[in-house]
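Biologist: Could you walk me through this model, starting with a turn between two strands and then moving to the empty spaces inside? I am new to this, so please take it step by step.

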Amino acid sequence: MSLFGSLFSGVTGLKAQGQALGIISDNIANVNTVGYKRNEADFSTLVTRSPTTREYTPGGVQSQPKPLIDGQGLLQSSASSTDLAIQGKGFFVVNEINNPTANTGKYLFTRAGSFTADKDGNLVNSAGLFLQGFAINAAGTTATNLSDLTATETVNVRGLTGSAEPTTSVSLRANLQSSQTVNAGIGGYNPAVTASSMAGGGFTPDFVRSVQIFDSKGSSRTVTLGFLKTATANQWAVEAYVEPATDILASAHPINGQVARGNLQFDTNGSFELTGTATAFLGTNAAATTTTIQWAAGLGLANSVLSFNLGTDEGIDGFTQFEGSSILISADVNGAVFGELASITVDTEGTMAANFDNGQSRDIYRIPLGTFTNPNGLQAQTGNAYLPTAFSNDVNLQFATEGGSGLIQGSTLEASTVDLANEFTDLIIVQTAFNADARIITTADEMLQELIRIKR
């Protein structure tokens, strides 16, 4: 009978609207949940087959949740460098336990990138899920088997320390005054004799400057370069010596700390000449020349091998000889003192780097992203994470910027995709529909009561 059918139709409406209310309630409750993807109620008809074409049998309505996991949330800046967001289709790989193996732990996928270091230095998000990544080895490479989730490991930033980086390269730019008067005693200059050299104090340099280099333990050492104009046109003598001379091994460097000597030659235009001329610093005519410094035995240091770059042949990018004061324009010296961890940064390709207060930086992890053929087919888990299903297909693991996985943004969080205005509008619609379905039941009840009273 249609009256009973109408009664049951109203009941299905109440059930469907009640489920829709639950979906909206979860959306509103998660309006501030990082990386949350809203759901919506999808309604469809329930049809009961009528015995004849002249009769209509009410069926009702049913609703089911429709996940919108593929929606992109608004990216918002954060003060924490380990807060990560994805602009694209990818998901962070996380696990319920630290350092999972092939037989332990459950790999999940999430867009909730609010990662912070726990007491052990492991990066976990607000749900306590551990971020997984590929460690970068000393050679700067990572695991290449992206199909194997177990090749990842928990990202850990504890105990990261820098190291002392010894100086290996010194690049100088300077001008030596072309009108410099030649020393009256230049004929007695001999850089191979202590008493007749600049290093030994026998000659005062026409121009002298010092640069700071770093030894194998990161300590600062002073190397002085003295320049003396010779009687040969457009030629200068140069010596490099360590001060104090007691810092180096005297038997290896007997000329009072001298570690290098030679000549610099310039052409008639003031440009530096390297080939086919009298330029011979450290015994070669190369643009970059090297010398080995043997430090005093008591210091316990490894030898320093320095490469001096004085400029290119016929160029003005290094040493020049123009009229004007002699001046050191710049000194580019590599190396660094021992450094402490200053910050963690992640670039758009997912490379995580440790930055130290001595200016050094070291890549430590590469963060992979998981993509799915149908992300809306993922199964939601507690903690704003998801599991693959037959509807989503298996995960395709790849690095950021590859295969549509998207970009990773450091110091950024992805906001919830919930729009409160839309949710409250839907709430009003659901409430009105629920009241209407309840009215169907009361109306059907009144009609049944009237039918019962006919017998009286």
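**Hairpins, cores and cavities**

Modeller: Gladly, and let us begin at a hairpin. Strand 15 and strand 16 form one with 5 residues between the strands, and there Gly-270 has a positive phi near 90°. Please keep in mind that this is a predicted model.

Biologist: In which sense do strand 15 and strand 16 pair, and over how many bridges?

Modeller: Strand 16 covers residues 272-273. One pair to look for is Gln-265 with its bridge partner Glu-273 in strand 16. The pairing is antiparallel, over 2 bridges.

Biologist: How many bridges join strand 14 to strand 15?

Modeller: These two strands also run antiparallel. As an example, Ala-240 has Ala-260 in strand 15 as its bridge partner. Strand 15 is mostly covered, with 7 of its 9 residues buried. The number of bridges joining strand 14 to strand 15 is 7.

Biologist: Which glycine takes a positive phi in the hairpin of strand 12 and strand 13?

Modeller: Strand 12 and strand 13 pair in the antiparallel sense over 8 bridges. Across this pairing, Gln-212 stands opposite Thr-222 in strand 13. There are 5 residues between the strands, and the one with a positive phi near 90° is Gly-218.

Biologist: Which residues have the most contacts inside the largest nonpolar core?

Modeller: A general point helps here: nonpolar side chains tend to be buried together in soluble globular proteins. In this model the largest nonpolar core has 29 residues. Strand 11, strand 12, strand 13, strand 14, strand 15 and strand 19 each give two or more residues to this core. The residues with the most contacts inside the core are Phe-227, Leu-264 and Phe-319.

Biologist: What does Phe-227 touch, beyond residues up to four places away in sequence?

Modeller: Look around the ring of Phe-227 in the viewer. Among its contacts are Leu-176, Met-198 and Pro-205, as well as Asp-206 and Phe-207. The rest of the list is Trp-236, Ala-237, Val-238, Leu-264 and Phe-319.

Biologist: How many cavities of 30 Å³ or more does a search of the whole structure find, and which strand gives the most to the lining of the largest cavity?

Modeller: The search finds 2 cavities of that size, and the largest cavity holds about 40 Å³ of space. Its lining is made of Leu-172, Ala-174, Phe-207, Arg-209, Val-211, Leu-225, Phe-227, Phe-319 and Leu-328. By class, that is 8 nonpolar, no polar and 1 charged residue. With 3 residues, the strand that gives the most to this lining is strand 12.

Biologist: Which residues lie nearest the centre of the largest pocket?

Modeller: The largest pocket has a volume of about 320 Å³ and is lined by 20 residues. That lining has 10 nonpolar, 7 polar and 3 charged residues. Nearest the centre of this pocket are Tyr-36, Lys-37, Asn-39, Ala-380 and Tyr-386.

Biologist: And what is the volume of the second largest pocket?

Modeller: The second largest pocket has 15 lining residues, with Asp-70, Lys-89, Phe-91, Phe-372 and Pro-375 nearest its centre. Its lining divides into 4 nonpolar, 7 polar and 4 charged residues. The volume of this pocket is about 160 Å³.

Biologist: Is Phe-322 buried, partly exposed or exposed?

Modeller: Phe-322 sits in the loop between strand 20 and strand 21. Its contacts beyond four places in sequence include Asn-175, Leu-176 and Gly-270. Buried requires under 20% relative accessible area and exposed requires over 50%. The relative accessible area of Phe-322 is 33%, so this residue is partly exposed.

Biologist: Is Asn-384 buried or exposed?

Modeller: Asn-384 lies in the loop between strand 26 and strand 27. Its phi is near 60°, a positive value in a residue other than glycine. The cut-off for buried is under 20% relative accessible area. At 14%, Asn-384 therefore counts as buried.

Biologist: Which two residues does a cis peptide bond join?

Modeller: As a general rule, most peptide bonds are trans. Here one partner is in the loop between strand 14 and strand 15, namely Pro-244. With omega at about -5°, the cis bond joins Glu-243 and Pro-244.

Definitions and conventions
Residues numbered from 1 in each chain as written. Predicted model: local features only at pLDDT ≥ 70, side-chain atom pairs only at ≥ 80, totals over all residues. Heavy atoms only, no water. 1 Å grid on protein atoms, 1.4 Å probe; cavity = no way out; pocket = protein on both sides within 12 Å on 5 of 7 lines; lining within 4 Å. Points joined across faces, edges and corners; volume = space filled by probe spheres on them. Helix = DSSP H or I, 4+ residues; strand = E, 2+ residues; numbered from the N terminus. Nonpolar A, V, L, I, M, F, W, Y, C, P; charged D, E, K, R; others polar. Core = buried A, V, L, I, M, F, W, Y, C linked by side-chain atoms within 4.5 Å. Buried < 20%, exposed > 50% of the residue type's maximum accessible area, 1.4 Å probe, protein only. Contact = heavy atoms within 4.5 Å. Pairing = 2+ DSSP bridges.
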